Amino acid sequence: MLAYIVRRVLYAIPILVGVNLITFLLFFVVNTPDDMARMQLGTKRVTPDAIEKWKADHGYDKPLLWNAKEKTLTKTIFFEKSVKLFAFDFGAAEDGRDIANEIATRMWPSLALAIPVFLVGLALNITFAMFMAFFRATYLDFWGVVLCVAMMSISTLFYIIGGQYIASKVWHLVPISGYDGGFDALKFLALPALIAVIAGIGSGGRWYRTLFLEEMSRDYVRTARAKGLAESVVLFRHVLKNAMIPILTGAVVVIPLLFMGSLLSESFFGIPGLGSYTIDAIQAQDFAVVRSMVFIGSVLYIAGLLLTDLSYTLVDPRIKLE
Amino acid sequence: MRILPRIFLIALPFLVGCEGAWNDPYSETARRGMTLYSSFTERPKHLDPVQSYTEDEARFTQQIYEPLLQYHYLKRPYELVPLTVLDVPKAREVEGGKFTVYDIRIRPGIMYQPHAAFVSENHSLGRERIGKLKAPQELPLGTRELVADDYIYQIKRLAHPRLHSPIGGHMNDYIVGLAEYAKKLKAADQGGWLDLRQIPLEGVERVDSHSFRIKVRGSYPQFVYWLAMPFFAPVPWEAEKFFAQPGMAEKNFSLDWWPVGTGAYMLTENNPNSRMVLERNPNYRGEPYPSEGEAEDRERGLLADAGKTIPFIDRVVFSREKEAIPYWNKFLQGYYDSSGIGSDQFDQAVRMSIEGDVGVTPEMEERGIRLSTSVATSIGYVAFNWDDPVVGGYQGGESAERARKLRQALSIAFDVEEQINIFGNGRGIAAQGPVAPGIFGYREGREGINPVVYDWVDGKPQRKSIEAARKLLAEAGYPNGRDARTGQPLVLYLDTVTRGPGDKAAFDWYRRQFEKLSIQLEIRSTDWNRFQEKIRKGATQLFRLGWNADYPDPENFLFLLYGPQSRAKSQGENASNYLNPEYDALFERMKNMPNSAERQKIIDRMVEIVRRDAPWIWGTHPKEYSLRHAWLSNDKPNNMARNNIKYLKVDTEKRAELRAQWNKPVLWPIALVVLALAISAFPAILSYRKRERMAARPAA
C-alpha cells in the first residue's frame, strides 16, 4: 500500500504543475502586471514610475513564461512565483499580509461551518434516502422524490435569502450575519449550517436513494428477507454496509475540501473563512492569494481521491491497493 | 439518544446569548460603554497613512491619525482649521517667488496612544516571542509626546523605496528635494529598517522640537489641503523600528495593519475579514465640540454639545458586511446606528412628494429613523476623446467646429435629469460644468446654468428642445444622423465598464438618447482594466468616468481638463485629452490664486470655454442619502473628511430599549415545525408497523 501511496503522490506533481500553469495563464490573460499594480496603488495620481516601482518590488517586472533576453525559464514570473508553492511557502499577498497566517486564521471559521454541515447533512441525507427506499413504491416514496426534485430545483441563494428573512428578520431567532470566536460562533453558525443542510437534502436524498434501491435489488437482500429478518435490519445491517463504497466515493473525496470553505454562505453570512478569502482575492486581482488557494485546493482534491481509495480497503476487504 | 437533549440544553444559552435579543450579533464585550456600531464592505488594503488613499481605509485611519489640519465639522463651504498645529500655516514666498515656505508650529503636550513601539525593550523581542503574540498590545505599552520630527519622518516616508505612496510622484514635483531623496533612499536601502532620521531631506527643515518648515517649489496654494490628509500625519520612528523586527511580517504585524497615532481612537482589534474595533485613546487630549456652524445646524440640534469635550463615544465596532440584504436588515433591527441606502431599499426607505421634497417613509418614521442628504463633491460624466477624428477637437478649423456642434447636440439630447430619476432614484443634480456644488467657483441659479444645454424658464433651468439638438447636428454635417458627405449613418462608440446584468437597462437608455438624433450608439463594455488601458492609450471615442474631489478647491476639478494633464500623452488626470490653449493659460493663472472675485472671474471664463467646447456631457453630481437611528446625534455628512466619529453621540439606553422591542424572538414557529414533523411521521409509523406485521408479500 505504501508503494501505491508514493506512486500517487508522485503522479500529483505533474498535475499540480499543470494546475498552476493553467491558473497562471487564466489569471494573466485577464490581468496584466500593470493592472495589478494599478489595483494596489489606486487610480488617482498614479505615475508610470510608481507602477514600475511596484512591479519591481513585487517581482512582476520579469517576462511571464519565457525570458527571451536571458534565454531562461527560471527568471520569469511563472517560475519564481510557482517554485515556492511546492514547498508550501505562499509568501505575502499583494497587500502585504502573510498568506500562510491568513489561511491558518481563516480555516477555522470555514471548518466550523463545513464540518457540521457535512456530518449532519450526510446523516440526514442517508436517513431520508433510506426512509424513501424503505417505503419504495408507496406514496411516501413518491412524495419524497417530488420533494427532493423540488428542493434540488431551488437555487441555494434562495434558501439563504429566504432563511435569513424568516429566521432572523421575521422570527428574530438568530443573527442575520456575522461571526465571533468560541461558543459565540454557535449562534452565527446555526442558520447557515441549517440552510446548507436543507439545501443539500434534495440532491443528496435522491442520490443515496438510488444507491440503496440498487443494493436492495441484489440477491443477498432477498436471502436476508427469506431468512425472516425485519426490513429495518435488512436495511441497516446489510444494505447500508454494502452501499458504503459509492457513499465513500462521494463523501471522503470532499472531506479535505471542507477546508476550502463555502463561497456563497461565507459571503452572505459574513463568515470570515477561506471561501470569502478566495472571492476577495479574485476581486482584488491578488494573484499571490489566488494561486495559493487554487494550489491548496488541488492538493486537497488529490488527497481526497487518495483517501477515497484507501477507504475502499477499509470497507471492502476484497480491494487491495498495489 | 439522551445525549441530544443534553447538547441542546448546553447550546441553548449560547444560541440565545447571555442577555439581549436572540438575533443580537454582538457579544457582551462589544456592548460595553458608549459603543457605535458601523460596517464596512471592502477590507482595507492599507492602514499606513503613507499608502492609504481610499474611503474604505479613511474611515479607520482618520480616527487614528492626526494630520496637521482638519476641516471644520459643521461649517460649509469647507474650511480648514488647526488639528495638531497652533494655526493654519500661511504660505510665504521666498527667493522671489521661486519657492514657497510653510512654517508649522505643533501644539505641545499631544501624546501618542499607548503602544508597544514606545517601550525600548520591545525593539529586540526575538522571533520566538513574536511568534507567540496575538496582537502587539499584549506587550508592555508606552507613549511619548508628539514632536516635529514625527511629521518630518512621515514626509520622508513619501519617498520610501518599499512603501508605495500614491502621492509620492505628485509630491516630487512640489516638495523640494523629495525626488532626489527617493534616489538616496533607494541607494541606502538594504532591507530591514531604513532609519530615515539619518538622511536629511532638503525641503523639510526642523526648527525646534515643535516647529518645522516645508519648502515647496513655486506657488502651490492647494498644498495646505494636502496637510489635512493622512499622508501628512505623524509617524514615530519607533513604530517603524518595532515592526521591522524579524518575525513581525509573518504575524501580519506591521505599521500597515497596526496604526500608531495621536487621534481620538486607537485600533484594538484588527480582523479586516470580519471586524475592526476602535477604542478611545486614553492619552487623547480632548477637543471642544464646535460652537459654530451653518444657519440651520442649531435647529437640527447639531450645536447642542457646543464646547463640550469630545470624543463622546468609547468604542466603535465595524463589522464587515459584504452583502446588501443582511446589512440593511441589521440596520432595521437596530444593530447598525446609521446606514446608506441601496437602490433596492430606496422605495422602502424614502418617499418623495410631488413637489420634490424628500423624506423617510412612514415605516421608517415609526422607528424614528431620520434622513440626511448632501451633494457629493464629485462628478460623473460622459467624456469625448479629444483626439478622436469624429467627436474630438484636435483638428482645428472647420472639422473642429463640426465636431463641437456634434458634441453640443449630444449634450442636449442626453437627458441627465431623466437618467438621475431612472437610475439614481432622483439622487443627484445635473451638472452645469466641471465644478461641483460647495466648491468655490460653483455658481447657483440662472448665472450658473450651462447656456449650451439649458434655457432659464420660470425660475429654473430647462433642457433645450431636441429640435435645437437636431439643428446643431445638421450644422455639424450630420442631418438626420447621416453624414451629409457620404450618406452613411453616424455610428458612435461608448466605452464603459460592465458591472453586471443590471447594466443592460442603462445601456438601452444610453442608446435611446442617441437615437433621439438618429445616431447609432455601439456600447463597448469591458472590464475595469481593459477600460483603463483604452483610456490610457486614447483608444476611445466616448466613455463614462467620474471624479471625487481630494480637496475643496476648484483647481481639483478644473485640472481634469488641463491640456498638460492629458491621459494619453502624459498619463495625467485629463482622461478626455481636452486641449484648449486659452483654458490652459487661465488654469495656470487661476490655480495659484487665493479665492477672490478675480479668481471667480477666471473660473467663470474657464467654465464658459468648456461649456462651449463640451468635451464632456456634464453628467451628475450625486446626492448622498444616509439614514440614522433616533439614538444617534451630531451626525452631519462631510464629503471631505471621515474623522467624524469623535463628534458623534449615542443614547445607549434608548438604543437598548428599542432593540429589545424590535427583536423579540418569535417562538411559535419552532413548536409548529416540531408538530409538523411529528404529524408527518405518523403515517410513516403506521405504514412501517403494517409492513412489519404482514405475513407475506402479495405476489407481484
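This is a short spoken walk through a predicted model with two chains, A and B.

Hi everyone, and thanks for coming. Please keep in mind throughout that what you see is a predicted model. I'll take the chains in turn, then look at how they meet, and finish with some local details.

Let's start with chain A. How many helices and strands does chain A have? The count is 14 helices and zero strands. If you read from the N terminus, you therefore meet one α element after another, with no β in the run α-α-α-α-α-α-α-α-α-α-α-α-α-α. Chain A has 322 residues, and 36% of them count as buried. Its C-alpha atoms fill a box of roughly 85 × 60 × 35 Å along the principal axes. Now take the contacts in chain A between residues at least 6 apart in sequence: 67% of these join residues at least 24 apart.

On to chain B. Here the secondary structure comes to 22 helices and 26 strands. Chain B has 700 residues, of which 41% count as buried. The box for its C-alpha atoms, again along the principal axes, is roughly 100 × 80 × 55 Å. And for contacts in chain B with a separation of 6 or more, residues 24 or more positions apart account for 68%.

So how do the two chains meet? In this model, 54 residues of chain A are in contact with 52 residues of chain B. Which elements of chain A give two or more residues to the side that touches chain B? They are α2 (33–41), α3 (48–58), α5 (99–134), α7 (156–170), α8 (185–216), α12 (263–269) and α13 (274–283) of chain A. If you want one helix to look at, pick α3(A), which gives the most to that side, with six residues. As for the chemistry, the side of chain A that touches chain B has 21 nonpolar, 16 polar and 17 charged residues.

Next, let me show you a sheet in chain B. It is an open sheet of four strands in the order β4-β5-β7-β6, with antiparallel pairing. Why do β4 and β6 of chain B each have one side without a neighbour in the sheet? Because β4 (91–94) and β6 (204–208) stand at the edges, each with a single partner strand. Going from one strand to the next, the twist averages 30°.

Within this sheet, have a look at β5 (residues 99–105) and β7 (residues 211–217) of chain B. They run antiparallel and are joined by seven bridges. To find your place on screen, look for B:V101, which stands opposite B:K215 in β7(B). There is a helix to add to the picture too: α4 (residues 148–157) of chain B lies across β6 and β7 of chain B. Its direction is at about 175° to β6(B).

Staying in chain B, let's move to a hairpin. The strands β19(B) and β20(B) run antiparallel, with four bridges joining them. The bridge partner of B:V457 is B:K460, in β20(B). This hairpin has two residues between its strands. One backbone angle there is worth a look: B:D458 has a positive phi of about 50° although it is not a glycine. Where is B:D458 found? It is in the loop between β19 (454–457) and β20 (460–463) of chain B. Is B:D458 buried or exposed? It counts as exposed, because it has 5 C-beta neighbours inside 10 Å, and the cut-off for exposed is 12 or fewer.

Chain A has a residue with a positive phi as well. A:F88 is not a glycine, yet its phi is positive, at about 55°. You'll find A:F88 in the loop between α4 (77–83) and α5 of chain A. A:F88 counts as exposed too, because its C-beta neighbours inside 10 Å number 11.

Last stop: cis peptide bonds in chain B. The bond from B:R76 to B:P77 is cis, with omega near 0°. B:P77 is in the loop between β2 (69–71) and β3 (80–82) of chain B. Another cis peptide bond joins B:I310 and B:P311, with omega about 10°. B:P311 lies in the loop between β11 (309–310) and β12 (315–320) of chain B.

That's my tour, so thank you for listening.

Conventions:
Residues numbered from 1 in each chain as written. Chains lettered and ligands numbered in written order. Predicted model: local features only at pLDDT ≥ 70, side-chain atom pairs only at ≥ 80, totals over all residues. Contact = placed C-beta atoms within 7 Å. Nonpolar A, V, L, I, M, F, W, Y, C, P; charged D, E, K, R; others polar. Buried ≥ 20, exposed ≤ 12 C-beta atoms within 10 Å, placed from the backbone. Pairing = 2+ DSSP bridges. Axes fitted to C-alpha atoms, helices over the stretch in contact; angles between N-to-C directions.
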